[in-house]
2 protein chains.
Amino acid sequence: MTRISPASVLPSFLSDSDTFGAARMAGSRMKLELSRVVQGRGRLGVLKELGKTGQCSLEVPGCLLHTHLGTVPHLTQETRGTLSNLPSVTQVSLSNIAEHQEVLEEFKDGVTKFAGLRDTVLYCSLHDPATPCPTGYTTNKTVSVWGSGGRIELTVAKFMALQKTVQPDWYQSMADGETWLNNTSRKRVRKSVDRTLAHLDECLLVHQQSQELEGVEVFGVVEGGDILEERVRSGRETAKRPVAGFCLDGLQTGSMDQALRTQLITAVTKELPEDKPRLLQGVGRPDEVLACVEAGVDLFESFFPFQVTERGCALSFSFGISLDPELAVLELDEARVTSGEMQQNGDLNPEDQSLMTSFEIDLKDQRYKDDFRPLVEGCVCYCCQNHQRAYLHHLLVTNELLAGVLLMIHNTAHYHAFFSALREALANDKLDVLKRRVLERD
Amino acid sequence: MTRISPASVLPSFLSDSDTFGAARMAGSRMKLELSRVVQGRGRLGVLKELGKTGQCSLEVPGCLLHTHLGTVPHLTQETRGTLSNLPSVTQVSLSNIAEHQEVLEEFKDGVTKFAGLRDTVLYCSLHDPATPCPTGYTTNKTVSVWGSGGRIELTVAKFMALQKTVQPDWYQSMADGETWLNNTSRKRVRKSVDRTLAHLDECLLVHQQSQELEGVEVFGVVEGGDILEERVRSGRETAKRPVAGFCLDGLQTGSMDQALRTQLITAVTKELPEDKPRLLQGVGRPDEVLACVEAGVDLFESFFPFQVTERGCALSFSFGISLDPELAVLELDEARVTSGEMQQNGDLNPEDQSLMTSFEIDLKDQRYKDDFRPLVEGCVCYCCQNHQRAYLHHLLVTNELLAGVLLMIHNTAHYHAFFSALREALANDKLDVLKRRVLERD
């Protein structure tokens, strides 16, 4: 275990002291209060004064609630309400929204109300992280998003018109992120950084002139593919603009291995002001999340439990760190059994997001036919409290529609509980214990 | 309007006086207390002392909760709990259960516990009314059910072994119901009546010798296709057996027109004891329900709202009868508007159960794209209280999984509210008002 020297732990500070970073935008209120920053071991804190009323907050490291136009797939607002620990920030993406612009304009009251959402902060991203979009449709002046009806091309003007219709509390600026394919040239990467900065400047110009967007926050997007100098340039330049935080784009699962990702993120975050949040796009696997938190990432998108649900699987990995020694041994044994099960199901598949990972079990497998245990022993979610693996197996093999509902409840609960455990580990210097537990390398 | 003479209204009576009907089975507790019986205008009452503890009751005319192995499609137990007026009796069918016999045997605690159900009476039918099964697989000694894995042939021995595994509170006996095709011969119909009576006798024999089934109720099945004499014979013979009630089979939607169905049911119910409930299988359309209640039916299966949900539609028909005159006019206008919408969507389709009926609206239709009203004005269900037609339209056209959840909530609520209105109409001599309202023939 790497020892953390007391000197490297920063005291709590208020970001509005403007000690770090660039000037704030007029109306920007979002504040990141870090209670603990350990170089190379992650940042712990609270993102405060979120939303139009400024009453919401979000603990970091944390994640946003992944939705399709405000909907957590399979779940009603009410079912959602049975889950504790859910983030106070709901993510929607323009790819789901763009084709509804006309209807939303007529509706007038924004996506929050259209989707029947209550008590949430709305964050609007460009793409949906759960469904990577085709490449090759980006121009100097436009990016494209794919909805259910096909491609929609966005200029900055159209992008900003959409934001006025969506009425988010917070959105990412328009960006050219087409650099994640393996053989992207240095020239193309440089172009993506330049275009993304140009888009940001244009977005900010429209934003500052729009009364409707007063008090709404903008995140600048850091590009640069896998080229260190471009990443650093993109970070440094974006940080000069009056943004409330940063999206790290083009680093998603499948685009590169974790060692390179860690190296790039570490280099970029050095260029970013300490008091503004960093949101990493497209990364959701627990092992990758842990490594990226150590590299300085604050926020993630929670599309991973949805992907697990869609393949009929249940998240089932250990992250308990505060057990008494006797229980810890028991849990470890249980984890080993589960781990053994997983090896047979499939191994880590960092390349293809549609494949199973080692963090889940495939409930369609015959072995669960007469397994009368809950999905995860000790899980307090509605599904685990009420149903056994055998019942879920039945629902899945007979294509019952309830299967997705119950799996989504469990996977969402499990994933957000993992983030709670991650924060607890950071607060108590137990990140190594957590990592061993999650990666089962004890 | 047919005038109801006071003389035809029976006083309330207790069924356990055994004034009517055949001898009870040992252990049978189910009691039908009728508070109002008007010849040709339906029966109003309460089915009491249901379930193993005898603590549940069910108002008639009423319906059972349609499920797949205890699951209301799309809904968790908790979502279900948000719906008021839901029946206290849950229907499961052997077609969904038969292939799980091995697992259920190992589980030992019955379907109620396997499906995580609480506080419900479990009724087990042979087939699932929402998915008609192929014909041509019935023999003298067997009937077949179709699960997700194909056909399973049942002898009485296997059928009864299944009941012991299911542990229902109440089940229908094994029956040969293959008489609903249009050109079924008189000979085949006679055979179906004979076989079904033989199956019943065999079932009762096994039942009475099975300690596990003590206190469990059996419904005899009345067959007879569209031949009046066979219907009467089947009803009369079944009534001689110690059954707790009667299933009327082979009269399902699509098998015959309503005039013939009414005639047959009227003739059969005259042969059945007054104090035992009659459950009609396979009929769920509101217009048909009304006609069958008048013919003497007490119980229905509630598969109709599920079928409506599966085709992306929302139930939207009027059944309010206790409005003040001013509101009534308003509601009528609204109903006319809605009715106009329906005419364009499609007309009554009694033949094909997969087609839309005039009681629903097709939310996938473009006209709902910017319709910001709830599905049904005044509906108190979760969906109507929180979402508009435009949002549901969006969920449906983008294949969002939440669409089915929300539609199922609304359709279930609407359908069971219709049954409440039906009982209220019977209690207040307003069946004609209700009929005009439902059929929009004012």
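Reader: Is A:Phe114 buried or exposed?

Author: Happy to start there, with a reminder that this is a predicted model. The term buried is kept for residues under 20% relative accessible area. A:Phe114 has a relative accessible area of 2%, so A:Phe114 is buried.

Reader: Which ring pairs with that of A:Phe114, and how are the two planes set?

Author: Let's take the wider search, then the case. Over all chains, the whole structure holds 32 aromatic pairs. In one of them, the ring centres of A:Phe114 and B:Tyr391 are 5.6 Å apart and the planes stand at 90 degrees, so this pair is edge-to-face. Helix H4 of chain A (residues 110-114) carries A:Phe114, while helix H13 of chain B (residues 389-397) carries B:Tyr391, so two chains are joined by the pair. B:Tyr391 is buried too, at a relative accessible area of 1%.

Reader: What is the geometry of the pair A:Phe418 and A:Phe419?

Author: Planes over 60 degrees apart count as edge-to-face. The A:Phe418 and A:Phe419 rings have planes at 70 degrees and centres 5.5 Å apart, so they too are edge-to-face. Both residues are buried. They also belong to a cluster linked by ring pairs, whose members include A:Phe300, A:Phe304, A:Phe359 and A:Tyr415.

Reader: Let's turn to the backbone. Where is the peptide bond that is cis in chain A?

Author: Look at omega, which is near 0 degrees for the cis bond from A:Val60 to A:Pro61. A:Pro61 sits in the loop between strands S3 (56-60) and S4 (62-66) of chain A. In chain B, the bond from B:Val60 to B:Pro61 is cis, again with omega near 0 degrees. B:Pro61 is in the loop that runs between S3 (56-60) and S4 (62-66) of chain B.

Reader: And phi? Which residue of chain B has a positive value without being glycine?

Author: One case is B:Leu69, with phi near 50 degrees. This leucine is in the loop between S4 and helix H1 (77-81) of chain B, and its relative accessibility of 0% makes it buried. In chain A, A:Asp429 is not a glycine either, yet has a positive phi of about 60 degrees. A:Asp429 lies in the loop between helices H14 (402-427) and H15 (431-439) and is partly exposed at 32%.

Reader: Last one: which residues form the negative surface patch?

Author: The patch brings together A:Glu102, A:Glu105, A:Glu106 and B:Asp370. Take A:Glu106 as the example: this residue belongs to helix H3 of chain A (residues 101-107) and counts as partly exposed, with 42% relative accessibility.

Definitions and conventions. Residues are numbered from 1 along each chain as its sequence is written. Chains are lettered from A and ligands numbered from 1 in the order in which they are written. This is a predicted model: local features need pLDDT of at least 70, side-chain atom pairs count only at pLDDT 80 or more; totals for chains, interfaces and linings use all residues. Side-chain values use heavy atoms; hydrogens and water are left out. Patches are made of residues with over 30% relative accessible area and no salt bridge: like charges are joined within 9 Å, nonpolar side chains (Val, Leu, Ile, Met, Phe, Trp, Tyr) within 5 Å. Accessible areas come from the Shrake-Rupley method with a 1.4 Å probe; for residues, only the protein chains shown count as cover. A salt bridge is a side-chain nitrogen of Lys or Arg within 4 Å of a carboxyl oxygen of Asp or Glu. Lys and Arg count as positive and Asp and Glu as negative; His and the chain ends are not counted. The place of a charge is taken as NZ of Lys, CZ of Arg, CG of Asp or CD of Glu. Helices (H or I, at least four residues) and strands (E, at least two) are DSSP runs, numbered from the N terminus. Buried means under 20% relative accessible area, exposed over 50%, partly exposed in between (1.4 Å probe, protein chains only). Rings of Phe, Tyr and Trp (its six-membered ring) pair if their centres lie within 6.5 Å; planes under 30 degrees apart count as stacked, over 60 as edge-to-face and the rest as tilted.
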